[in-house]
Structures are given as C-alpha cells and as structure tokens.
Amino acid sequence: MRVSFLAALCLLVVPFGASAHDYEYKGIYLAHPWIVEPPPGAPAAAGYLMISNDGEEDDHLISVTADFAERTEIHTMTVTEDGIIQMRPHDGPLAIPAGGDVLLEPGGLHIMFMGLRESLKDGDNHVVVLEFETAGEVTLEFTVQKRDGAMDMDMSHGDDS
Ligand SMILES: [Cu+2]
C-alpha cells in the first residue's frame, strides 16, 4: 500500500529555518529531511534526516527511492586512522529501534542519491519515498539546502578524527 501524506501531516515550519519540517506516520517521526545542494553537474548528492521510532517494536528502513535519482543507497561513512574517508552501503535494512532515534547527518549515515536526473537547487523540494518494514511506505519532501560551515558531506570530513 502506498501512503502519501505529504501535505496533511507536514506538522510544522519552524521559524529559524524556512525549510525545516517534520513528518509523523504510524509512530515513525521523520525530522528535517534535507539534501546538500550538490555542485553543478555532480553525479550524486547526500540526504539526511532524523528518524525516530515512538512505537514499541523495532522497525527497519528497507529502501529509499526518488524519481530524481537512478538509484539510492544508505551509506555509512567512516574515517580511517589515515584520515581516509570511506563510504559504503549500509549492510541490510537500517534498524530504527523502538523508542530510539537514528540520525543521518553529515559525516555519518546518509542517503546517497546516485545518477541524478535533475539539478538540485537550494530551496527546492523533492519527493522521496522511504519504505519501512512495519510502517510501510512514507512519502516526504526533502529540501535542498546549501551546506553550512565546515560540515562536508563527503570530502573533507575529519572533525572528530
Ligand atoms: Cu555516500
């Protein structure tokens, strides 16, 4: 079953960021989905959000799809002792523990949108579908934003190394 709840459950727009927005669906909260504006012509872009599970059972993020990308993967990012950044697909479904939060943020877990079919510009909103094992499909909009400050999604991360 495909459930779209775009407008209906877009709960709030907070004053400190015009694009900050949250969704709630079947006990799953999805906070501030956003995509770092990629450089022109970039083949890929990274997306972030916070996923919270208010339910009593673990759920799992199974897949992410978006019309603007040929494919998407959930990536982990680690920095080796040599300072080399490694991104690799997350192994299996991403667990969202009952009562817990999973933060996808620059320098860590992220959604990798690959094979971009359109240019993603600061301020644009793009529809992305997240599929959860229990909660099912959730359709939401990711807002493209310029990256602030020193947090670099892929290339120069090293804040805590
Ligand atoms: Cu990646």
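His110 is found in strand β9. The model in which this residue is examined is predicted.

**Exercise 1. Determine whether His110 is buried or exposed, and which backbone atom contacts its side chain.**

Step 1. The relative accessibility of His110 is 1%. Residues under 20% count as buried, and His110 is therefore assigned to that class.

Step 2. A polar atom of the His110 side chain lies 2.8 Å from the backbone oxygen of Gly108.

**Exercise 2. Identify the protein donors of the copper ion and state which geometry they form.**

Step 1. The copper ion has as its protein donors His75 through ND1, Met87 through SD, His110 through NE2 and Met112 through SD. These atoms lie 2.1 to 2.4 Å from the ion.

Step 2. Along the chain, the spacing of the donors reads H-x11-M-x22-H-x1-M.

Step 3. The angles subtended by the four donor atoms are 87 to 119 degrees. For a tetrahedral assignment, all angles must lie between 85 and 135 degrees; the arrangement is therefore tetrahedral.

**Exercise 3. For the donors His75 and Met87, state in which strands they lie and how accessible each residue is.**

Step 1. His75 belongs to strand β5 (residues 69-79), whereas Met87 belongs to strand β6 (residues 85-89). The pair thus ties together parts that are 12 residues apart in sequence.

Step 2. His75 has a relative accessible area of 6% and is buried.

Step 3. Met87, at 33% relative accessibility, counts as partly exposed.

**Exercise 4. Classify the aromatic pairs that involve Phe113 with Phe68 and with Phe142.**

Step 1. The structure holds three aromatic pairs. One of them joins Phe68 and Phe113, with 4.9 Å centre to centre and 45 degrees between the planes, and is tilted.

Step 2. This pair links distant parts of the chain, 45 residues apart: Phe68 is in the loop between β4 (59-65) and β5, and Phe113 is in strand β9 (residues 110-116).

Step 3. Phe68 counts as buried at 2% relative accessibility. Phe113 is likewise buried, with a relative accessible area of 0%.

Step 4. For Phe113 and Phe142, the ring centres are 6.0 Å apart and the planes stand at 80 degrees. Planes over 60 degrees apart count as edge-to-face, and the pair is therefore edge-to-face.

Step 5. Phe142 lies in strand β11 (residues 136-145) and Phe113 in strand β9, so this pair ties together parts that are 29 residues apart in sequence. Both residues of the pair, Phe113 and Phe142, are buried.

Step 6. Phe68, Phe113 and Phe142 together form one aromatic cluster.

How values were computed:
Residues numbered from 1 in each chain as written. Predicted model: local features only at pLDDT ≥ 70, side-chain atom pairs only at ≥ 80, totals over all residues. Heavy atoms only, no water. Donors = N, O, S within 2.8 Å, 3.2 Å for Na, K, Ca; no water. Tetrahedral: all angles 85-135°; square planar, octahedral: opposite > 155°, others 65-115°. Helix = DSSP H or I, 4+ residues; strand = E, 2+ residues; numbered from the N terminus. Buried < 20%, exposed > 50% of the residue type's maximum accessible area, 1.4 Å probe, protein only. Phe/Tyr/Trp six-rings, centres within 6.5 Å; stacked < 30°, edge-to-face > 60°. Polar contact = N/O pair within 3.5 Å; in protein donor to acceptor, adjacent residues only side chain to side chain.
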